[in-house]
Amino acid sequence: MTARRRRPEEAGPLTSAGQRELWLAHQLAPDSTALNLVLAVRVRGELAAAPLARALTGLVVRHELLRSRFVTGADGLPVRELRPVHAFAPDERRVEISGGDDEVDAGLFARAHRAGQEPLDPAAEVFRLIVLRHGEQDAVLVAVAHHLVSDATSQCLVIRDLLDGYQAERTGRPAADRSRPAPWDAYVRAERACAGSARGERAREHWRRVCTGVPPAALPGGRSREAGGGAGGATLRLSLPADTAERLDAVSAAAGVTAFAWLFAAFQGSLYRSGGAPRSLIGLPATTRRTPRDREAVGYYVNTLPVAGEFDDSTSFRSAARAVHGQLAEGMRHLGAPVELPDGAGPLRVIVTLISADRLPIPGLFGEGGEGHGGHEGHGGHEGHKGPAGTERSGLRLSLYDVPQQEGQSELAVEIVRSGSGFTAMFRYETALFDRAAIEGFAGVLLRLVEASLDDPGIRISRVPLAAPDELAFLLSLGEAW
């Protein structure tokens with residue numbers, strides 16, 4: 001038997017199906033920063049430059065995707081190359097800000113935001129660490145990675161492993177004993193094996209059943225893309241009322257579904273009540289980290305599941321949430337193979353991401369109280385309220401700077417984060433298609449439907465009265481737009 005010839009993309013480090021989709025998105029808008037993933041963390045305490053640089057080198061050695069680069073192959077697909085191991089250095093920047101604590105906080109936040117929006121060219125670099133230094137005991141770490149090599153969990157892993165390595169460099173003691181990250185090539189080979197198997201065919205058949213004849217969801221009221229002008233994005237941030245989490249847990253448990261499934265159904269219902277199609281598809285990114293070694297690895301471990309919604313005058317919140325719960329349970333069984341939308345389905349234009357902050361690798365970073373300034377809201381906070389209290393790690397005090405990012409990546413991408421302080425929703429939208437007022441109006445509808453669903457889980461979604469203008473203004477006062 002003759003040996004099978006290797007395909008061109010197998011000649012070197014491998015790329016996943018998700019990476020190839022992101023590569024296409026990058027090629028369509030190479031100067032956009034919508035694919036930048038940013039984690040900005042304010043650090044109180046001494047952060048010495050030399051051991052931090054050594055810790056950065058150890059981080060990049062541990063996670064191979066951070067030292068990868070991506071170039072275009074002869075077939076137009078991405079080719080991943082590994083940069084040789086060498087000493088990596090952070091981008092150190094001295095920041096001078098005068099004024100009181102609030103002015104310093106606002107200034108550091110603004111500079112962290114700008115640093116995260118500096119473009120990455122995957123052919124040259126996919127990751128950079130920027131250190132904004134304000135005094136000897138005050139700095140902001142800004143970890144910026146291209147989506148090709150990172151996801152939400154990965155960004156937290158980067159900061160966790162960097163600071164663990166920093167402590168080891170400072171003290172001379174070994175860093176925490178953790179599992180070695182799974183090799184990226186092993187992940188890609190498993191994905192390809194699944195796609196080419198009977199299991200992969202069952203997955204494709206499942207997605208055909210879900211998607212056939214169901215159009216991608218869209219938020220009504222937007223401009224046509226031809227009339228919209230240039231690319232760009234913005235973010236509207238809203239915090240759900242403080243008692244929502246507790247009420248939501250009780251209502252969803254009584255219905256036999258998860259709290260996230262209930263919120264997702266309310267989101268679907270909000271599109272329907274806003275004039276959307278009665279049947280539509282929304283994308284739900286789900287993690288593909290299956291093993292302990294996957295959970296220790298930096299990479300793009302994401303598969304976006306299409307979730308169909310079907311509404312009419314008789315649909316209740318309870319029935320909609322149960323339909324979502326069932327779809328997610330079935331979809332997760334087919335997650336090992338890349339999701340392939342059937343011909344004619346079109347790209348998913350509305351994406352909803354659900355994140356449980358307490359499951360991220362740095363517990364306590366998404367909390368309540370602590371850092372913040374009047375122009376920036378922390379998770380669970382209101383305008384002018386203090387942001388995240390943060391946590392201690394490696395002898396340093398950490399607090400999150402939740403800077404705007406990934407704006408314009410989709411027509412509408414909503415990230416719903418559950419932390420110790422409740423639920424926060426980030427509405428990221430294309431400014432070429434939507435005005436802020438349109439997103440505010442939709443956000444108000446969502447908040448109204450969530451509250452109505454908790455008051456009466458069996459009520460028909462079509463019967464919920466939408467907020468009057470004065471009520472909408474009050475609801476939107478719970479949030480902040482950037």
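Begin by selecting the strands of the open sheet in this predicted model, where 6 strands lie in the order 4-5-6-1-12-11 and the pairing is mixed. If you colour strand 4 (91-94) and strand 11 (391-393), you will have marked the edge strands of the sheet, each of which pairs on one side only. As you turn the view, look at how the strands lie against one another: neighbouring strands of this sheet are turned by 30° on average, with direction ignored. Strands of a sheet pair through backbone hydrogen bonds, either parallel or antiparallel.

Next, select strand 1 (residues 36-44) together with strand 12 (residues 396-401), and follow the two backbones, which pair in the antiparallel sense over 5 bridges. Which residue of strand 12 stands opposite Ala40? Show Ala40 and you will find Tyr401 in that place.

Now add helix 2 (residues 49-62), which packs on the sheet and touches strand 4, strand 5 (127-133) and strand 6 (138-146). Compare the direction of helix 2 with that of strand 5, and you will see an angle of about 165° between them.

Keep helix 2 on the screen and select helix 4 (residues 152-171) as well, since this pair is the next stop. The axes of helix 2 and helix 4 come within 8 Å and cross at roughly 130°, and the two helices are therefore oblique to each other. The crossing of helix 2 and helix 4 is right-handed. To look into the contact, show side chains such as Leu52, Leu56 and Leu59, which are among the residues that helix 2 brings to it, and then Val158, Leu162 and Tyr166, which are among those from helix 4. Charged residues take part too, including Arg54 and Arg62 in helix 2 and Asp161 and Glu169 in helix 4. How many residues of this contact are nonpolar, polar and charged? The contact of helix 2 with helix 4 divides into 8 nonpolar, 1 polar and 6 charged residues.

For the last stop, select helix 8 (residues 259-273) and helix 10 (residues 436-455), whose axes come within 9 Å and cross at roughly 125°. Helix 8 and helix 10 are therefore oblique to each other, and their crossing is right-handed. Among the residues that make the contact are Trp262, Phe267 and Arg273 of helix 8, and on the side of helix 10 you can show Phe442, Leu449 and Ser453, which also belong to it. When you colour this contact by residue type, you will find 11 nonpolar, 3 polar and 1 charged.

Notes. Residues are numbered from 1 along each chain as its sequence is written. This is a predicted model: local features need pLDDT of at least 70, side-chain atom pairs count only at pLDDT 80 or more; totals for chains, interfaces and linings use all residues. Side-chain values use heavy atoms; hydrogens and water are left out. Two strands pair if DSSP finds at least two bridges between them. Helices (H or I, at least four residues) and strands (E, at least two) are DSSP runs, numbered from the N terminus. Axes are lines fitted to C-alpha atoms, for helices over the stretch in contact, and angles run from 0 to 180 degrees between N-to-C directions. Contact means heavy atoms within 4.5 Å. Angles under 35 degrees count as roughly parallel, over 145 as roughly antiparallel, 65 to 115 as roughly perpendicular and the rest as oblique. A crossing is left-handed if the near helix is turned anticlockwise from the far one by less than a right angle, and right-handed if clockwise. Ala, Val, Leu, Ile, Met, Phe, Trp, Tyr, Cys and Pro count as nonpolar, Asp, Glu, Lys and Arg as charged, and the others, Gly among them, as polar.
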